[in-house]
Every structure is written in structure tokens, then in C-alpha cells.
Amino acid sequence: MASKFDLTPRIAPNLDRHLVFPLLEFLQERGLYPEEDILKAKIELLNHTNMVDYAMDIHKSLYRSDDVPQDMIDRRAEVVGRLKVLEDGAAPLIGFLQNPQAVQELRADKQYNLQMLNERYQIGPEQIDALYDYAKFQFECGNYSGAADYLHQYRALCTNNDKSLSALWGKLAAEVLMQNWDIALEELNHLKEIIDSKNFSSPLNQVQNRIWLMHWSLFIFFNHDNGRTQIIDLFNQDKYLSAIQTNAPHLLRYLATAFIVNKRRRPQFKEFIKVIQPEQYSHDDPITEFLACIYVNYDFDGAQKKMRECEEAILNDPFLGKRIEEGNFTTVPLRDEFLENARLFIFETYCRIHQRIDMGVLAEKLNLNYEEAERWIVNLIRTSKLEARIDSKLGTIIMEPNDTNVYEQLINHTTALSNRTYKIVHQLLENAPAQTAR
């Protein structure tokens, strides 16, 4: 049965088709969809690439037969023939680039390089464009390593800004598919600089490029050591956050998750709560709804239910549900971090609103049994700034009276709500006579 929290149908249209394969592999491993459906989706993707041998293998698995359609055999012959033609076209420049002594003649000045290549090696714009075509074809064949090298070399010689940008997108995709996260992050940052500074034909074009960049970045940010901090730095910028809200609200799941597991970003987190407040009615996602339950609606029973849904969403998300094998055990590190911090959010907020809390009630809201909750809370009181003590006889937690920050926030929130309601009613009454007169 497919997970209702699966975002793949929303994410896939914003990716290069090669980047969709890792998502399908994850869904296949998780068994979220029938095996046949996943294999058919893979073949459909492969039909638009040059990875014919891979398509043949999947066709054999899908139909449990060693026979493949004639059109696949014909397509393979076509790809091999085309590859040879493109290789011949790019051969002069590839030969030059593979000669260490010749490469030393290149300088930072592209115009000098073009003139030097033309005069000394009879390599002109036609051969440089041939390298781009060959690199792109190699990428479509699934040779990501070769494609990355050729696209990098092409960009060093290219003077066409649009093709140079296209080559950078291709280089980024290749590095992601090879899981070279450090290099991929460098290319991502380079691409961001170009997108933010380039004069696009229309503002919508620029917004679309930002949306693509954020989708592609998910592979990097949830695999790179510093990714969970850097996703906040990117997604939380005004122009990028605005693009998310208007065109890709499903990406709020990933920004919300990064905030929940990143304790050092609390000041920005408070501002983020204001973002998800209006979104809770227009976009359904358990992770953003969990935050809304705690910090907007102060609905702790709702937060408890959402926490279970959050766990399911994380386990079935290709970016959040990354598994690590440790001996005979499989762990999902981000799931464990998320649940720990989610309980902390519930506990802190609940305790700052109530001065005396029944341990059994709190254990239920934390999705823990009584003994687990008691150990968890004792450890938390020791390590946090909460002024609290446990009355073991009565089974209650008693908060010190000076710890009222969230209680005050709740009062201020309610007061602000009342003031807004008063203003709206006042405006309606003011306009009423004018509307009656018409």
C-alpha cells in the first residue's frame, strides 16, 4: 500500500530524470508500491535516456523472460552508432585535453585559449560544441564520471552562457549520482550564484530555476555532514522561501525537519513558525502540522498523533529515511534524532504552560511508557535550563513559577488574536452604513 505521505509525485517533475532513479530504488526497497509498478516506471524513464542495457535488464525482470522487444535491440544499435559519431567529433579536443603538456598552454583568458587552440591545434568552436554533445550523450548513457569530466572541461572553454549553465546543471547531476557530496555542494553553490545574479528572460524563469535548485539540493543536504545547517541557510532566504510558499510548499517538510533536529537555529525557528501558520490550512504534511500543533494551536493531543505520522513520513521519505547498517541492525539516524527533539519540543512547551503536570499524562503525550518517560524527563531536567522538580509520591512534575516564557507567549498570542478580531469587527461596522446606502 502506497504511503499517503510520499512526496515523490511532487518532487520528480522538478528533477532530471536520472535523479528520479534513486527515489524509485528507495520506494522499491520500502515496498511502498507494487514491484510491477516501480519496474514499469523505471522503463518509462529509461525510454528517454540512452541506458538501453539497463532498460533491457528491467524488461527481463518485469516480464520474467530473456527476450526483449526488437525496438530495444534497434535502439541499442542506434545509441552505439551515435556514440561513435560523437566520439569522433570530439576526438581532436579530447586528445588535446589528455595531453598534460598541451593543457599547460591554457590560461584563464578564454579568448586567448580559443585563439591558441584554433591556431596551433586547428580546434575551433565546432569541436568545442562537439565536446558538449559528447558529454551530454555520455550522461544519458549513465557514464556519469566521464560526463562530469567532459562537462567541467567544456565549461572552461565555453563562451556561450546558456550552454555553460546547462553544462553546470549536468555536472551537478553527475556528481550527485556518483555521491560526491563535497564536489556536488561546490557546484550547487556555484549554480546558486549564477541563478541569483543572471538576467533571466522573465522573473518566473528565475523562480523556476530556484525551485529546481532546491529540489536537487535535497540529495546533498541530507547526505553531506553539514547539510542540515546549509539547507536552512538556503531555503530560509527570503527569495527561496517565497518560491517555496508559492510554488513548492511540499519542500517545507525538509526545512521543518532541519529546524527540528538543529538546536542551534532557534532564533530563525521562531520566524519559521510564522511561515507555517498560514500554510497549515493549504498544505497537508505531518511534520509542519506537528509544529503547528505545538506552537500555533497548543494542541498537545494533536501533536502526539502527528508525531506517529511524522515517523511514518520519515521512514518512507527517500531523503529523510536513509538507513545505516550496523552489524545485524538497521538504524534510521534522522528518525531517532527527530523523535528525540520532537519529544523535547512537546515537553518544553507543555511544561512552560502548566505549573503542575501529571507524569502519566505527559508520558502519553510523549508516546512513551511511564518508566521511559520518567527516565527521559529526569535526564532532561538535569541537562536543560528548565526549573523543575519531580514529586515521586504524587507522580507529578512541578515547574518553578519563574519559568513562564511560553505561558506569557500564549497569553500574548490570545491577546493579539482578540485585538485582530476587534479590528475586523470594527471595520465591518464602519463599512456597514455605506453598503446599506448602495
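Helix 4 passes helix 5 in a left-handed crossing, and I should like to open with that pair. Please bear in mind throughout that we are looking at a predicted model.

Helix 4 covers residues 52-63 and helix 5 covers residues 70-97; their axes lie 9 Å apart, at an angle of about 165°. Since angles over 145 degrees count as roughly antiparallel, helix 4 is roughly antiparallel to helix 5. On the helix 4 side, the residues that meet the partner are Val52, Asp53, Ala55, Met56 and His59, and on the helix 5 side they are Met72, Ile73, Arg75, Arg76 and Val79. Sorted by class, this contact contains six nonpolar residues, one polar residue and three charged residues.

In general, a pair of packed helices is described by two quantities, the angle between the axes and the distance between them. Two further pairs may be described in that way.

The next pair is helix 8, residues 125-140, with helix 10, residues 161-177; here the angle is about 30° and the axes are 11 Å apart. Because the cut-off for roughly parallel is under 35 degrees, these two helices are roughly parallel to each other. Helix 8 also passes helix 10 in a left-handed crossing. From helix 8 the contact draws on Asp129, Tyr132 and Phe139, which meet Lys163, Ser166, Ala167, Gly170, Ala173, Ala174 and Leu177 of helix 10. The division by class is six nonpolar, two polar and two charged residues.

The remaining pair is helix 15, residues 252-261, with helix 17, residues 286-295. Their axes come within 8 Å and cross at roughly 55°, which makes helix 15 oblique to helix 17. The crossing of helix 15 and helix 17 is left-handed. Helix 15 contributes Leu252, Arg253, Ala256, Thr257 and Ile260 to the contact, and helix 17 contributes Pro286, Ile287, Thr288, Phe290 and Leu291. Seven of these residues are nonpolar, two are polar and one is charged.

I turn now to the strands. In what order do the three strands of the open sheet stand? The order is 3-5-4, and the pairing is antiparallel. Strand 3, residues 356-358, and strand 4, residues 388-391, are at the edges; each has a single partner strand, so one side of each has no neighbour in the sheet. From one strand to the next, the twist averages 25°.

Let us take the two pairings in turn. Strand 3 and strand 5 run antiparallel and are joined by three bridges; within this pairing, Ile357 has Ile397 of strand 5 as its bridge partner. Strand 4 and strand 5, the latter spanning residues 396-399, also run antiparallel, and four bridges join them. In strand 5, Met399 stands opposite Ala388, and Thr396 stands opposite Asp391. The hairpin of strand 4 and strand 5 has four residues between the strands, and in it Gly395 takes a positive phi near 65°.

Are the residues of strand 5 buried or exposed? Thr396 and Ile398 point one way and Ile397 and Met399 the other way, and all are buried.

Finally, I wish to consider three individual residues. Val332 is located in the loop between strand 2, residues 329-331, and helix 19, residues 333-353. Why does Val332 count as buried? Its relative accessibility is 4%, and the cut-off for buried is under 20%. Apart from neighbours within four places in sequence, Val332 is in contact with Leu315, Leu320, Gly321, Lys322 and Arg323. Leu315 is 17 residues from Val332 in sequence, with a C-alpha to C-alpha separation of 7.5 Å.

Arg335 belongs to helix 19. With a relative accessible area of 18%, Arg335 is buried. If residues up to four places away in sequence are not counted, Arg335 touches Glu311, Ile314 and Leu315. Leu315 is thus a contact of both Val332 and Arg335.

The last residue is Gln230, in helix 13, residues 227-235. Which residues does Gln230 contact, leaving aside neighbours within four places in sequence? They are Leu185 and Phe221. The C-alpha atoms of Gln230 and Ala258 are separated by 9.2 Å, and the two residues are 28 residues apart along the chain.

Terms used
Residues numbered from 1 in each chain as written. Predicted model: local features only at pLDDT ≥ 70, side-chain atom pairs only at ≥ 80, totals over all residues. Heavy atoms only, no water. Buried < 20%, exposed > 50% of the residue type's maximum accessible area, 1.4 Å probe, protein only. Contact = heavy atoms within 4.5 Å. Axes fitted to C-alpha atoms, helices over the stretch in contact; angles between N-to-C directions. Parallel < 35°, antiparallel > 145°, perpendicular 65-115°, else oblique. Left-handed = near helix turned anticlockwise from the far one by under 90°. Nonpolar A, V, L, I, M, F, W, Y, C, P; charged D, E, K, R; others polar. Pairing = 2+ DSSP bridges.
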